[in-house]
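Colleague: I have a few bench-side questions about this chain. Could you walk me through the model?

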Amino acid sequence: MTISSVLAHLTPANLTDYAASKAAVSALHTSLTMELRQQGLADKVKTILVETGQIDTDLFRGVETPSNFFGPILDTREVAKEIVKLVDSGDGGLVRMPAYAKI
């Protein structure tokens, strides 16, 4: 499981280092997943990439979202439910939240 951010795909001002590091993490995950497929191990090793927006953790304490409709603050329990659902399915995949992260 790789934890990244939706900011891996966006270019926010004043967060260049954060966005670049998350883009690198997401690219590393994707490359490793492709290598597993190429080596015929994708059925044995499942990978999950988690890319979320703002979550209600201490990291974002005091950060104001520009729009609760377009960029809602995610509840950690809801994110965890989505991750557990994917793990329980036995499949690899992608967890992107909230809705705008899937576009």
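Colleague: Leaving out residues up to four places away in sequence, which residues does valine 79 touch?

Modeller: Happy to start there, and please keep in mind that this is a predicted model. Contact here means heavy atoms within 4.5 Å. With neighbours up to four places away in sequence set aside, the residues that valine 79 touches are Thr52, Ile55, Leu74 and Met97.

Colleague: Which element gives the most residues to the largest nonpolar core?

Modeller: That core has nine residues, among them Val79, Ile55, Leu74 and Met97. At least two residues each come from β2 (48–52), α2 (76–89) and β3 (93–97). The top contributor, with three residues, is α2.

Colleague: Nice. In what order do the elements of the chain run from the N terminus?

Modeller: There are two helices and three strands to place. Read from the N terminus on, their order is β-α-β-α-β.

Colleague: What share of the contacts with a separation of 6 or more joins residues 24 or more positions apart?

Modeller: One pair that links distant parts of the chain is arginine 96 in strand β3 with glutamate 51 in strand β2, 45 residues apart. For contacts in the chain with a separation of 6 or more, the share from residues 24 or more positions apart is 52%.

Colleague: Let's stay with that pair. How far apart are the closest N and O atoms of arginine 96 and glutamate 51?

Modeller: A salt bridge needs a side-chain nitrogen of Lys or Arg within 4 Å of a carboxyl oxygen of Asp or Glu. Arginine 96 and glutamate 51 form such a bridge, and their closest N and O atoms are separated by 2.6 Å.

Colleague: And is glutamate 51 buried or exposed?

Modeller: Buried means under 20% relative accessible area. Its partner, arginine 96, has 24% and is therefore partly exposed. Glutamate 51 has 0% relative accessibility, so it counts as buried.

Colleague: How many salt bridges are there by this rule?

Modeller: Besides the pair above, aspartate 75 and arginine 77 meet through their side chains at 2.6 Å, N to O. Lysine 85 and glutamate 82 also form a bridge, with the closest N and O atoms 3.2 Å apart. By this rule the count of salt bridges is four.

Colleague: Where do lysine 85 and glutamate 82 lie?

Modeller: Lysine 85 is exposed because its relative accessible area is 52%, while glutamate 82, at 31%, is partly exposed. The two are three residues apart, about one turn of the helix, and both lie in helix α2.

Colleague: Of aspartate 75 and arginine 77, what does arginine 77 count as, buried or exposed?

Modeller: The cut-off for exposed is over 50% relative accessible area. Aspartate 75 has 24%, so it is partly exposed. Arginine 77 has 58%, and therefore counts as exposed.

Colleague: One for the surface: which residues make the nonpolar surface patch of about 290 Å²?

Modeller: Residues in a patch need over 30% relative accessible area. Isoleucine 3, in strand β1 (residues 2–5), has 48% and so counts as partly exposed. The patch is made by Met1, Ile3 and Val87.

Colleague: Last one: what percentage of the accessible surface belongs to carbon and sulfur atoms?

Modeller: Of the 103 residues of the chain, 30% count as buried. The accessible surface comes to about 7000 Å², and the part belonging to carbon and sulfur atoms is 59%.

Notes
Residues numbered from 1 in each chain as written. Predicted model: local features only at pLDDT ≥ 70, side-chain atom pairs only at ≥ 80, totals over all residues. Heavy atoms only, no water. Patch = residues over 30% accessible without salt bridge, like charges linked within 9 Å, V, L, I, M, F, W, Y side chains within 5 Å. Areas by Shrake-Rupley, 256 points an atom, 1.4 Å probe, with all protein chains shown as cover. Helix = DSSP H or I, 4+ residues; strand = E, 2+ residues; numbered from the N terminus. Buried < 20%, exposed > 50% of the residue type's maximum accessible area, 1.4 Å probe, protein only. Core = buried A, V, L, I, M, F, W, Y, C linked by side-chain atoms within 4.5 Å.
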